[in-house]
Amino acid sequence: MPADTPRSNPTSSAPLLVVQDLCVSFPSRGRMIPIVEHVSFTLGERDILGLVGESGSGKSVTAMALMGLIDSPGVQITGSALFRGQELVGLPQKQLRRLRGREIAMIFQDPMTAFTPVYTIGWQIDEQIRAHERLSRKQARARTVSLLAEMGVPDPARTADRYPHQLSGGLRQRAMIAMALSCNPSLLIADEPTTALDVTVQAQILELIRSLRSTYGSSVLLITHDMGVVAETCDTTLVLYSGRVAETGPTEALFAHPGHPYTAALLASIPPLDGPRPHRLPAIAGAPPAPLERPAGCAFAPRCTYVHASCLPAPPPPLVPTGSDTMIVQRTVTDTSSLESVDPTDQTRPCTTTHNTLTEQSFSETTISRPTQLSACVLPAEGTPLPPGLKNTVPAPGEAVTTTQILSPPTSSASGGPQL
Ligand SMILES: Nc1ncnc2c1ncn2[C@@H]1O[C@H](COP(=O)(O)OP(=O)(O)O)[C@@H](O)[C@H]1O
Ligand code: SF4
Ligand SMILES: [Mg+2]
């Protein structure tokens, strides 16, 4: 168990982080180049959200923008990121520094970049703890050793006295997670935390990340390019393509019924766990456009089997509900005069008493559907013509690829998916 009780409030239903319309642009040759465009997502308490996309899709830039760690001259960050109701976009560095480490922590692909090579890892974790809490060196070291033990580091007291280069990649990553968790952050941003590790250690680190919500009450924003990692670890998935949200939704639903051709193609390239192994896994031909060459319309169009004239005009397609919707019934009291006056201090009255006194006419009832899965693509009807200059890249000559084929769910969601 952790040294301290988690600060997060498990009974609170308010989301921990609400990102809306986040845009990040960098200046280049006299103009602003959009890197991240209108990214929105919500991360609930104790949830794990997977931010997945090919290399260069803007995953790290999104995370760095949330952490206030982009210091490039002229960078423009707009939109909103409410962390427990506090706006992070535009927050002065002094306040961001107070949040970083204590409320929001980040771990990176390469722990060597997070640790200074000239100090022992124990000293560095002690300092991180002492920067945020009034503890003596001895108390801080006791916390460090207990954190390392919780992260599964063998012989933690001795390991704390080692320098980063004296540890294996897996142990360094565990030590970095220990440092990130040293002040019980409510939000952990993990940027490709397992990419540099071999498969066995990767599985152990993912298990550790999954356990953080129960032991520390932490929510995790997990950045990865591996759909297998997402399938195993995340409650919600957000697929980023060329700086824009392609699709988002509960992982299970999105994997079962991908709405966007890009998501479907990513899933199709995961090797099956059982059954016959295909001779070749389907690959997505081509590469994402460079930010300077990003088309005004759908950025996936040059690689999409279903590209069609209506996909290209600007602005890019908005996110629309896809997959199966949750139907909810919203009941609104229209006639408050029929409400019985109830003494709020009277604990003996069941709460339904008030409702029983309402007549049917007192309610207006609306059935609304709450979309659980959103996609930037509504597939055009099959057989629609291609715009000039674009061609389908996926089907081989004479081989027809139908919507049903490409959108069929993957046979497995195992790790070891495409290394994009
Ligand atoms: N400081 C910067 N200035 C200009 N361009 C940048 C900067 N940082 C990242 N980029 C560009 O933003 C794009 C997205 O980068 P990044 O978020 O690191 O991708 P990834 O999804 O692989 O994490 C890349 O094209 C990268 O070159
Ligand atoms: S069908 Fe059109 S909008 Fe949908 S992913 Fe393909 S190119 Fe984009
Ligand atoms: Mg990255």
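Two strands are taken to pair if DSSP finds at least two bridges between them. In this predicted model, strand E6 and strand E7 (residues 187-191) meet that criterion, pairing in the parallel sense over 4 bridges. Within this pairing, Ala-105 stands opposite Leu-188 in E7.

It helps to place these two strands in their wider setting. They belong to an open sheet of 8 strands, which follow the order E6-E7-E8-E3-E9-E10-E14-E11 with mixed pairing. Strand E6 (104-107) lies at one edge and strand E11 (320-322) is the other edge strand, each pairing on one side only. From one strand to the next, the twist averages 20°.

Helices also lie across this sheet. Helix H7 (residues 169-180) lies across E6 and E7, and runs at about 170° to E6. Helix H1 (residues 59-67) lies across strand E3 (48-52), E6, E7, strand E8 (219-224) and strand E9 (236-241), at about 150° to E7.

Leu-188, met above opposite Ala-105, reappears in the largest nonpolar core, which has 89 residues. Together with Leu-49, Ala-180, Leu-221 and Leu-222, Leu-188 touches the most other members of that core. Helix H7 gives the most to this core, with 7 residues.

Leu-49 offers a closer view of the surroundings of one such residue. Once neighbours within four places in sequence are left aside, Leu-49 is in contact with Leu-221 and Leu-222, both also named among the residues that touch the most other core members. The remaining contacts of Leu-49 are Phe-41, Leu-43, Cys-234, Asp-235, Thr-236 and Leu-238.

Technical notes
Residues numbered from 1 in each chain as written. Chains lettered and ligands numbered in written order. Predicted model: local features only at pLDDT ≥ 70, side-chain atom pairs only at ≥ 80, totals over all residues. Helix = DSSP H or I, 4+ residues; strand = E, 2+ residues; numbered from the N terminus. Axes fitted to C-alpha atoms, helices over the stretch in contact; angles between N-to-C directions. Contact = placed C-beta atoms within 7 Å. Core = buried A, V, L, I, M, F, W, Y, C linked by C-beta atoms within 7 Å. Buried ≥ 20, exposed ≤ 12 C-beta atoms within 10 Å, placed from the backbone.
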